[in-house]
Amino acid sequence: MPYSGKLISFEGVDGCGKSTQMALAAARLRQSGYNVVSTLEPGGTKVGQAIRELVLHSGAAELSPLAELALMFAARAQHISEIILPALNSGYVILCDRFTDSTFAYQGYGRGISLKVIADLENTLSQGLRPDLTLVLDIPPALAAKRTVDRNRSTEECPTRFEIEGLEFFSRVREGYLKISRREPQRISVIDGQGSIEEVHNRINQCIDAFLENQRPRTSNAI
Ligand code: TYD
């Protein structure tokens, strides 16, 4: 069933700068008159926040890759029914900090879980819902890791269960993003995440504007 709203997800390895960029993009879209919902995964709902705490911060080192996968989809199923579907039905542009492309990149390419298993779960637990547009902020994993370490130092936050993974893990995740973007170039755009915040913001704007322009009903000049 077509929705009047649109779902745009922001993706990339930890430290790629997407939360700053998503906030800038949301502010700009609101200024242009769009009704915007900003949300995130895992999280976005009370249930999702509890799952986020468990998966990211509980220090549950023993959490198995399949349990991690199931928890990501549990958070998403709740997020979809509580936030995303109502907003799509009401015509909002939803900006989502991570969605199922994260699961393919992290649990699939990063942890090594079969992509078919993930695709099957997507069909059932996400009701087949995919972002209309996914923006992958691409930066070298070593640079991303350095940014994460610097940020955690300045905010005095502990690294998450993912942030403690090494460069090899994040290189697989990055490659995963590049692979899935090659498979779905219409839906997934890779954006160079290096450069100033403003440079990256401008690249993202171009992409979102082109996408939204394409969604508008065409007026015909034919008589
Ligand atoms: P977060 O602190 O939001 O990191 P970031 O700001 O980089 O997004 O943590 C989210 C983490 O959860 C991130 O390391 C990626 C991971 N994740 C998955 O592994 N699979 C998923 O499906 C999702 C949504 C997130």
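This is a short tour of the structure in your viewer, stop by stop, with a selection to make at each one. Keep in mind that the model is predicted.

**Stop 1: the ligand and its shell**

Start by selecting the ligand and showing the residues around it. You should find 15 of them, with Asp14, Lys18, Arg98, Thr103 and Gln107 as the closest. Colour this shell by residue class and you will see seven charged residues, five nonpolar and three polar.

Now show the side chains of Arg76, Arg98 and Gln107 as sticks. Which kind of ligand atom does each one face? For Arg98, an N or O atom of the side chain is 2.6 Å from an oxygen atom of the ligand. Arg76 also faces an oxygen atom of the ligand, with a polar side-chain atom 3.0 Å away from it. Gln107 faces a nitrogen atom instead: a polar atom in its side chain lies 2.7 Å from that ligand nitrogen. How much of the ligand does the protein bury? On its own the ligand would expose 550 Å², and the protein buries 94% of that area.

Switch to cartoon view to see which elements supply this shell. Helix 2 (46-57), helix 3 (65-89) and helix 4 (100-110) each give two or more residues to it. Helix 4 provides the largest share, four residues.

**Stop 2: the largest pocket**

Keep the ligand on screen and add a pocket surface. The ligand sits in the largest pocket, which holds about 820 Å³ of space. Select the lining next: it has 36 residues, and those nearest the pocket centre are Gly15, Lys18, Ser19, Arg98 and Arg151. Lys18 and Arg98 will be familiar, as both are among the closest residues to the ligand.

Which elements build this lining? Two or more residues come from each of helix 1 (18-31), helix 2, helix 3, helix 4, helix 6 (141-155) and helix 8 (197-215). Coloured by class, the lining shows 15 polar, eleven charged and ten nonpolar residues.

**Stop 3: the second largest pocket**

Move on to the second largest pocket, whose volume is about 170 Å³. To display its lining, select Asp14, Pro141, Ala144, Ala145, Thr148, Val149, Asn152, Arg153, Pro159, Glu163, Glu165 and Phe170. Asp14 links this stop to the first one, being one of the residues closest to the ligand as well as part of this lining.

Highlight helix 6, which gives the most to this lining with seven residues. A helix can present several residues to one side: an α-helix has 3.6 residues a turn, so residues three or four places apart point the same way. By class, six lining residues are nonpolar, four charged and two polar.

**Stop 4: an enclosed space**

Next, look for internal space. Rolling a probe the size of a water molecule over the atoms shows where empty space is left. How many cavities of 30 Å³ or more does the structure hold? There is one, and the largest cavity has a volume of about 40 Å³.

Select Gly12, Val13, Val136, Leu137, Asp138, Ile139, Arg174 and Tyr177 to see what lines the cavity. Strand 4 (133-138) and helix 7 (167-183) each give two or more residues here, and strand 4 has the largest share, with three. The classes in this lining are five nonpolar, two charged and one polar.

**Stop 5: both ends of helix 5**

Zoom to residues 115-125, which form helix 5. At the N-terminal end, Ser114 acts as the cap, with a side-chain oxygen 3.1 Å from the backbone nitrogen of Lys116. After the helix comes Gln127, placed in the loop between helix 5 and strand 4. Check its backbone torsions: Gln127 is not a glycine, yet its phi is positive, at about 55°.

**Stop 6: a cis peptide bond**

Finish at Glu41 and Pro42. Is the peptide bond between them cis or trans? The bond is cis, with omega about -15°. Pro42 belongs to the loop that runs between strand 2 (36-40) and helix 2, and helix 2 takes you back to the shell around the ligand.

Notes:
Residues are numbered from 1 along each chain as its sequence is written. This is a predicted model: local features need pLDDT of at least 70, side-chain atom pairs count only at pLDDT 80 or more; totals for chains, interfaces and linings use all residues. Side-chain values use heavy atoms; hydrogens and water are left out. A residue is near a molecule or strand if one of its heavy atoms lies within 4 Å of it. A polar contact is a pair of N or O atoms within 3.5 Å; within protein, one must be able to donate a hydrogen and the other to accept it, and residues adjacent in sequence count only if both atoms are side-chain atoms. Accessible areas come from the Shrake-Rupley method with a 1.4 Å probe; for residues, only the protein chains shown count as cover. On a 1 Å grid over the protein atoms alone, a cavity is a set of points where a 1.4 Å probe fits but cannot get out, and a pocket is an open set with protein on both sides within 12 Å along at least five of seven lines; lining residues have an atom within 4 Å of a point. A molecule sits in a cavity or pocket if more than half of its atoms lie within 2 Å of its grid points. Ala, Val, Leu, Ile, Met, Phe, Trp, Tyr, Cys and Pro count as nonpolar, Asp, Glu, Lys and Arg as charged, and the others, Gly among them, as polar. Grid points are joined across faces, edges and corners, and a volume is the space filled by probe spheres set on the points.
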